[in-house]
Amino acid sequence: MIQKIAAFQTTNFKINAKTLLRRRESGILMVLVLVSVATTLINPRFISGYGLSDLLLNTSMVGCLAVGLTPVVIARHIDLSIASATGFSAFLTAHIIVGHGWGVVPAFFVGACVGAIIGAVNGVLVAGLRLPSLVVTLGALYIIRGIDYQFANNKQFTAEKLPTDLMHLSQDKIYGVPYLFCLVLLLALFGVWWMRFTRFGRDLYAIGSNPPAADIVGIKVFSRTFFAFVWCGTLAGIAGVMYLSIYAIVDSAAFLNQELIVVTAVVIGGVNIFGGLGTIVGALLGAVLLRVLIGALVALGVAQFWQQAINGLLLLIAIGIDRILSRRSETKIERIRDERKMEIS
Amino acid sequence: MKNIFTKIIQPQRRFRPFTWDVIIMILLVILLVFGSILNPVFLTAFNFSLMLPNIGEILLIAMPMTLLIIAGEIDLSVASIVGLSGVTFGLLYERGLNIWLAAFLGVIVGVLCGAVNGILVARVGLGSLAVTIATLALFRGFATAAMGNKSVTDFPESWTNFGYSTIGKTFLPQTYPLIIFFIILFGILTHLSIFGRRTFAIGQSVEAARFAAISVLNHKIILFILTGAMSGVAGVIYVLRISTAQYDNAMGLELSVIATALLGGVSIFGGVGTIWGVAAAAVLFGSLEALFNLQAVSPNIFTITTGTLLIGSVMIPLLLGRINRFRIDRIRENEKNAK
Amino acid sequence: MKISAKISVAVLAIATLVAIPLSSGASAAPKYKAGLKIAMISKIGNIPYFDFAMSGATKACKEIKCTVKYFGPNEGTAAAQIKLINAVVQQGYNGIMISANDKDALVPALKNAMKRGVAVTSWDSDVANAGRNIFVNQASYDGVATAMLDSVVSILGAGKKGDVGILSSTPDATNQNAWIASMAKQIKANAKYSGINVVATVYGNDDPEKSTTETQGLLQSNPTIKVIVAPTSVGIISAAQYVVAHEELKGKVIVTGLGLPTSMAKYIKDGTAQAALWNVPDIGYMSVYAVADIASKLVKTPVKAGSSFAGGTLGSRKAFIGDNGPEIILGPGIIFTPENVDSFKF
């Protein structure tokens, strides 16, 4: 059924899907506002002062990764190696820029390159050899982390050695919005243009909705899917540099076991895990909502031992709401389709 | 109709002696031989008596996970269930409950967790990957909330011996009769029972299974409950093995279990897999890690090897398949020419 | 040992540490068994702390002509350590020195090792008494707690009241829980610390991201906090970095706790943080001597109170029976100041 909707959206997105998708994202936005307002009423410091910019800074990394992962998930794939790629890029970038005494711009360039290479390898295996992405990227998760461990070998980079302008980058902001979050917004903007307004992006929706059909109608499945993985890797690399900037410390365990958090953010953002559905904006909102929820639980002083359980429950609710909404839109689409059929006949 | 089928299937049968589960068993034999040459300690009863308990929980959970993946679903929450049932067992025992009853209730918690997963996936209709990511957090969260920063450790020695010691002077750990029983049970369930046939049918095509009057939803719920129950058993055994019930028992075990199942030749797309392949994969993993540790190879290399084997498990059958197809094409051409 | 010589000058001894007489009789070098093989098992293989301890261990091994090998598991769990212990036992090692991830979980494996004639010392983080011959304690739990409380008092000002938040590592970390419990006990018992009001304890799981989020939440829900105590070398960096990153907090919130001088130097110098720690290479050094003493049967097992352990250039230590069986204490700890922090290379 989901495939049907997606196929429908890809062909008619200008007319109907737009409103439908907007409703999905406005739903997340509403929950977001609701949680923020409620938390602020109880604890004003949640948003006031440096609260808001902290929140956005915290979201930068997961937001960046969610924006990266979305095209991959839309193409009915997954990248579980994303957290390993982030961690490895963080360490390798630190190693290279500290060794050469480089600054901010080369750091992001190095990080993005490291990530892009990892993404390209995943892409060749998944898109080129048509191997299952879950297995390939689970393997890559282990391999990349293993190489990271071996390469880092107990070493650690702290604020002492890392370039100061990179540390300052995470503290600078425009109108209270951290530079790093602006960077994520720029990347998301590019993603939106790519996924929504280019042939390239629309092809990914088609691939995710129905892979065999995409092959049959002559979509360049390899190049589209390959580029989705490279994009995902590149953003993981950039997120790695953000890690350096925000936490000012990196070792081989950086961002260990965080892959499912990113998947969670994407799912909360309404991107369907079976492909073909969802938007970059939604995924970014999902990441913000996830961090806001975590931040809210902490700010409300919820006993720490309960936080994880509440997180799990909220995630279940988010998936449940998603299901209800998509069911509703299914019936609506069917109704529209029936009406059209009547018109044609 | 029958002729067409035999024509299509037969050449493939004839030229495909090496499915991945066979390869993994050959690899295991090679490893055992190679390892015993490399290190005299490796192939000894003592080494195996130490190695086997480490893979006990993985073996236990990988069995129902095999069925679950064959049916086209997945459960990422298993490690959290291990944690939660262990915590339940520990806390109830600490409160003075009879230890047998506490262990039983620990397993029951596993069953309940499995039922929650199953109902959410089959009845509510949510994707199993998404649901079990959520319940991964939820169940671990319950374990954390219940246990907090303490741990239960004072289990009776006879019970912790069960988790760690061997039977008399043999190399077989005391838990293994139980584990072997479950492996055989799941072997029969998967390959020799109607239940197993139905699971394969669902994995190959849900639509077709429905037409064959299989109650797909109930079947999936049962599979999730089985997975939960075995995770519960593993949870109790894990507590006894390390004689500690803590909120973070077996954290991250889910990926090892899934990696074992996939390495054992279970297809992530469902419909394909064998219990013996998965059991061999678990022993392969355990032996390989033990050998690496004995040779004082850095654990990092083991991590990298794990990943490489995983990718190999999907890549090699693909290449073999290509070679196979090539050979079939050639044989067909020869047949044509002969005519 | 150059470093330790410097330290003994620069050190501010922690007041309540058990003072151990440094014996001058180390010159009569005891006979160690030839070809001793010692395995050093750390909590986790990816943090520099254990590397520094290993440097001390290697140095000690050179002196008594044994070999020591480092084993760091990839995950900080007891299950991973059990595998390493089993492997080490079979490789014919004579001694294991282990920093335990769990108090009880390792006991069966370590018991098994001792049954096969392997000498076992725990160091840095203890296991239950049944699982080791002796514990080489870096500093008594009370001593570490006192050092941190003294630091808090020096920040608040003597006799002044102030709110304090604690950022720990994982909720079930043995050392951190013991230190936090000891701090609570001393605040109640000692009038000197009566002004300290601990408002919350949060757990950063030794992960920079979680530690940062928890620090942030700590300050948001308790804006009156003046001092953050982080008894973990990972959490303290995150807390200090969080304060540095916020102009609004500078000078209002000070971080203190346990941290490596090389990674804390920047924060100590700019006044964001104070930190104390024991001499990390020395604890590795001392542990090698302890395990070699037992493996060479120079000290009889089970270890009794009063048994003397050789300590190379650090001097010998007398064992005593602690809360959890026999232990020796390295002591004293070091409080790092802007002046002395650069002189430590760990």
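# Briefing on chain B of a predicted model

Residues 252-285 of chain B are 65% helix and 0% strand, with the C-alpha atoms at the two ends 16 Å apart. The model is predicted. This span is among the residues that UniProt lists for chain B, in an unreviewed entry, under "transmembrane region". The points below cover the fold of chain B, the UniProt spans, the side that touches chain A, and Tyr176(B).

**Fold and overall dimensions**

- Chain B contains 14 helices and 0 strands.
- The order of elements along the sequence of chain B is α-α-α-α-α-α-α-α-α-α-α-α-α-α.
- Chain B is as compact as a globular protein of 339 residues, because its radius of gyration is 22 Å and the globule rule gives a close value of 20 Å for that length.
- The C-alpha trace of chain B extends over about 80 × 55 × 35 Å along its principal axes.
- Buried residues make up 53% of the 339 residues in chain B.
- Among contacts in chain B with a separation of 6 or more, 79% are between residues 24 or more positions apart.

**Spans from the UniProt record**

- Under "transmembrane region", the unreviewed UniProt entry lists residues 20-38, 58-87, 99-120, 126-143, 176-195, 221-240, 252-285 and 297-320 of chain B.
- Residues 221-240 of chain B are 100% helix and 0% strand, and 29 Å separates the C-alpha atoms at their ends.
- For residues 252-285 of chain B, the helix content is 65% and the end-to-end C-alpha distance is 16 Å.

**The side that touches chain A**

- Contacts between the two chains involve 37 residues of chain B and 38 residues of chain A.
- On chain B, α6 (128-147), α12 (253-263) and α14 (299-338) each contribute at least two residues to the side that touches chain A.
- The most is given by α6(B), with 14 residues.
- Sorted by class, this side of chain B has 23 nonpolar, 13 polar and 1 charged residues.

**Tyr176(B)**

- Helix α8 of chain B covers residues 176-191 and includes Tyr176(B).
- Which exposure class does Tyr176(B) fall into, given its C-beta neighbours inside 10 Å? Tyr176(B) has 19 such neighbours and therefore counts as partly exposed, since a buried residue needs 20 or more.
- Thr166(B) lies 10 residues from Tyr176(B) in sequence, and their C-alpha atoms are 9.0 Å apart in space.

Key: Residues are numbered from 1 along each chain as its sequence is written. Chains are lettered from A and ligands numbered from 1 in the order in which they are written. This is a predicted model: local features need pLDDT of at least 70, side-chain atom pairs count only at pLDDT 80 or more; totals for chains, interfaces and linings use all residues. Helices (H or I, at least four residues) and strands (E, at least two) are DSSP runs, numbered from the N terminus. The radius of gyration is taken over C-alpha atoms; the globule rule is 2.2 Å times the number of residues to the power 0.38. A residue is buried if 20 or more other C-beta atoms lie within 10 Å of its own, exposed if 12 or fewer, and partly exposed in between; C-beta atoms are placed from the backbone. Two residues are in contact if their C-beta atoms, placed from the backbone, lie within 7 Å. Ala, Val, Leu, Ile, Met, Phe, Trp, Tyr, Cys and Pro count as nonpolar, Asp, Glu, Lys and Arg as charged, and the others, Gly among them, as polar. UniProt positions are given in the numbering used here, feature names are shortened, and annotations may be inferred rather than shown by experiment.
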